[in-house]
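The following exercises concern the structure shown below. Please attempt each task before reading its solution.

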Amino acid sequence: MKVYFLGTGTSQGIPVIGSNHPVCKSTDFKDKRLRVSVWISWGHHSFVIDCGPDFRQQMLSSNCKKVDAILFTHEHADHTAGIDDIRPFNFKQGEMPFYAHHRVISNLKRRFDYVFETINKYPGAPSVETIEVINNEPFSIGNKTVIPVNVMHGNLQVFGYRIDNFAYLTDVKTIENSEIAKLKKLKVLVINALREEPHDTHFNLKEALDFITLLQPEKAYLTHISHIMGYHEEVQKNLPENVFLAYDNLEITI
Ligand SMILES: [Zn+2]
């Protein structure tokens, strides 16, 4: 299975518009972060988690030519605002399956009403098929099983996903023990780490590292990173040897 980091930034991306912060001015390509998303593929199967405002650019830079379905973590704009750009896949493949919590599906129906229109729908609009994800009900994509993992982003429920020995969790602030039990014996854990300072709804670096220590995956990659975290190269130097800051266009094989 290949995991391609399409975006590793927090909601504003890096550089932030109009910012003079040194990390926003960095010329290191690892300090440029689009909104958070990953592309997961194996054999002829190809899936994307979340569809943020940089989706079009991400599909172009990764050379992703086929998306069998999109799995959503939650409805926030940095994870959903690119939905209109699934159209090239619709024209080639037909309806795009969307896997999401029923609350997220209702939210998308409201915000992207033209996508879900049934009467006089504009023919060029995106077309989607919605599949509800329910906690504790694993589902299949391709020939693999996905285990939904319930986490909390402040007061908002968010789904993380485990596929084989890989788990992708973003926008986590708290997680119950019953959900932590789903994350044992991972080869690779992807987990959000916003910055060093605490934040109300996201893990900071210390919380993410403590979580990694608790779960003991073989390797962990940090994502959903703010410019305030610092330069990629300097932050990486101080991480434990099995923990890596993800960066855009990084591809790993599991
Ligand atoms: Zn987010």
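**Exercise 1.** Locate Asp31 in the predicted model, and decide whether Asp31 is buried or exposed.

*Solution.*
Step 1. Asp31 lies in the loop that joins α1 (22–25) to β2 (37–42).
Step 2. A residue counts as buried if 20 or more other C-beta atoms lie within 10 Å of its own.
Step 3. Asp31 has 23 C-beta neighbours inside 10 Å, and therefore counts as buried.
Step 4. When neighbours within four places in sequence are left aside, the contacts of Asp31 are Ile14, Val23, Ser26, Tyr231 and His232.
Step 5. The C-alpha atoms of Asp31 and Gly13 are 10 Å apart in space, while the two residues are 18 residues apart in sequence.

**Exercise 2.** Determine which residues touch the most other members of the largest nonpolar core, and list what Leu189 touches.

*Solution.*
Step 1. The largest nonpolar core holds 64 residues.
Step 2. Those touching the most other members are Val38, Tyr161, Ala167, Leu189, Val190, Ile191 and Leu222.
Step 3. Not counting residues up to four places away in sequence, Leu189 touches Ala167, Leu183, Ile212, Leu215, Pro217 and Ala220.
Step 4. In soluble globular proteins, nonpolar side chains tend to be buried together.

**Exercise 3.** Describe the protein chain as a whole, and explain why it is as compact as a globular protein of its length.

*Solution.*
Step 1. The protein chain has nine helices and 14 strands.
Step 2. Its radius of gyration is 17 Å, close to the 18 Å that the globule rule gives for 254 residues, so the protein chain is as compact as a globular protein of that length.
Step 3. Of the 254 residues, 43% count as buried.

Technical notes. Residues numbered from 1 in each chain as written. Predicted model: local features only at pLDDT ≥ 70, side-chain atom pairs only at ≥ 80, totals over all residues. Helix = DSSP H or I, 4+ residues; strand = E, 2+ residues; numbered from the N terminus. Rg over C-alpha atoms; globule rule 2.2 N^0.38 Å. Buried ≥ 20, exposed ≤ 12 C-beta atoms within 10 Å, placed from the backbone. Contact = placed C-beta atoms within 7 Å. Core = buried A, V, L, I, M, F, W, Y, C linked by C-beta atoms within 7 Å.
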